[in-house]
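User: Could you take a close look at the aromatic side chains in this structure for me? I would like to see how they sit against each other and against what surrounds them.

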Amino acid sequence: MAGEIGEFQHIRIEREDGITWLILNRPEKRNATHPPLHFEMQRAITALETDPDTGVLILTGAGDSFCAGQDLKEYFRALDADPVGRARARKASHDWTWERLWLFPRPTIAMVNGYCFGNAFTPLVACDFAIAAEDAVFGLSEINWGIFPGGLVSRVVADVLSYRDALYYILTGRPFDGRKAAELRLVTCAVPRAELRAETVKLARELLGKNPYALRAAKEAYKLCRLMDYAQAYNYLAAKSAELRGADPEHGREQGIRQFIDEKRYRPGFESYQRG
Ligand code: ACO
């Protein structure tokens with residue numbers, strides 16, 4: 001199936017019953033992101049946006065690292081004298097780590113299997129969920145390289161960390177583990193490493209059981225209305241609801257109400273109304 005999306009050298013795509021695993025695949029460099037990887041990720045995510053076999057997207061890293069941030073040698077130093085190459089790599093990096101991932105049409109989960117440094121915070125925050133191994137190591141290490149969290153990192157960190165916690169980690173560069181990341185609410189939860197994959201797949205399967213049109217509208221509505229004032233949000237959410245009712249071929253709203261009120265065969269709980 002991955003062949004339909006294309007051939008890749010620095011990333012891997014694996015499929016499993018509606019779940020698409022998008023894997024940064026430079027384990028020998030701890031999945032640090034260099035320009036060729038950014039270009040491949042941009043191409044892959046763009047193709048997956050309209051892929052009918054992708055119900056949930058899981059982003060993770062090969063080996064024992066999620067992503068060691070931008071490649072200090074090939075993304076930074078090698079492009080110092082190449083402004084055009086720098087601009088292209090920077091655009092591709094921003095495009096996949098934020099623009100395409102943040103509003104990816106299906107639910108997204110970051111499975112943080114190890115090191116997560118620097119620019120890796122952007123795709124981490126862009127994903128709807130993040131599940132970390134308890135012993136994963138996170139760090140806004142930029143200050144230790146004589147720089148600060150650029151790209152979009154300072155901005156996305158402001159979305160998820162408190163003012164005090166953000167400044168503490170940005171200015172000290174101190175690392176922290178997956179347990180702490182869960183305590184800070186940087187990730188959804190942290191689990192023992194041995195359970196990481198199973199817990200991630202469990203969440204993905206739960207999401208696969210829900211109406212995909214409602215899921216898409218729900219994440220778009222929440223993520224976009226956060227940036228609006230109340231009058232704009234109220235108006236936008238009304239329009240979004242109408243859009244969903246018109247666009248949903250399952251007619252989920254009507255089905256759910258009918259099954260509960262008329263047919264009395266669906267009791268609201270953790271599961272969706274009976275689909276299909
Ligand atoms: N950029 C370029 N190369 C990297 C990076 C990176 N961000 N991270 C790791 N590598 C390379 C190393 O240079 C090394 O290459 P080599 O085998 O050719 O010498 C290889 O990956 C393995 O790295 P080690 O340091 O040997 O692996 P170890 O498991 O001991 O440590 C760790 C992993 C903790 C991730 C360490 O490599 C590290 O601190 N990397 C930098 C992390 C960082 O601060 N990233 C933020 C960059 S700034 C930004 O993103 C904006």
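Analyst: Happy to; here is a walk through the aromatic residues and the elements that carry them. Please keep in mind that this is a predicted model.

Let's begin with the pairs. The structure contains 7 aromatic pairs. One of them joins Tyr 75 and Phe 76: the ring centres are 5.3 Å apart and the planes stand at 90°, so this pair is edge-to-face. The two partners differ in how they are covered. Tyr 75 is buried, as its relative accessible area is 6%, a value under the 20% cut-off for that class. Phe 76, with 32% relative accessibility, counts as partly exposed.

Phe 76 is worth following a little further. This residue lies in helix H3, which spans residues 72-76. Phe 76 also belongs to a nonpolar patch on the surface, together with Leu 72, Trp 145 and Ile 147. The four residues of this patch have about 370 Å² of accessible area together. Phe 76 can be part of such a patch because its relative accessibility is 32%, and patch residues need over 30%.

Back to the pairs, with another tyrosine in view. Tyr 75 and Phe 76, as said, meet edge-to-face. Tyr 168 and Tyr 169 also form an edge-to-face pair, because their planes are at 90°, with ring centres 4.9 Å apart. Here Tyr 168 is partly exposed at 34% relative accessibility, while Tyr 169 is buried at 6%.

Both tyrosines are members of one aromatic cluster, which also takes in Phe 121, Phe 138 and Phe 176. Two of these phenylalanines lead us into a sheet: Phe 138 stands opposite Phe 176, which is in strand E9. Strand E8 covers residues 137-139 and pairs with E9 in the antiparallel sense, over 2 bridges.

These strands are part of an open sheet of 4 strands, ordered E4-E6-E8-E9, with mixed pairing. The edges are taken by E4 (65-67) and E9 (176-177); each has a single partner strand, so one side of each has no neighbour in the sheet. Phe 176 of the cluster therefore sits in an edge strand.

One last contact involves a charge instead of a second ring. Arg 197 lies over the face of Trp 21, at 4.0 Å from the ring centre.

To draw the threads together: Phe 76 links an edge-to-face pair with Tyr 75 to the surface patch, while Phe 138 and Phe 176 belong to the aromatic cluster and face each other across strands of the sheet.

Conventions
Residues numbered from 1 in each chain as written. Predicted model: local features only at pLDDT ≥ 70, side-chain atom pairs only at ≥ 80, totals over all residues. Heavy atoms only, no water. Patch = residues over 30% accessible without salt bridge, like charges linked within 9 Å, V, L, I, M, F, W, Y side chains within 5 Å. Areas by Shrake-Rupley, 256 points an atom, 1.4 Å probe, with all protein chains shown as cover. Salt bridge = Lys/Arg side-chain N within 4 Å of Asp/Glu carboxyl O. Buried < 20%, exposed > 50% of the residue type's maximum accessible area, 1.4 Å probe, protein only. Phe/Tyr/Trp six-rings, centres within 6.5 Å; stacked < 30°, edge-to-face > 60°. Lys NZ or Arg CZ within 6 Å of the ring centre and 35° of its normal. Pairing = 2+ DSSP bridges.
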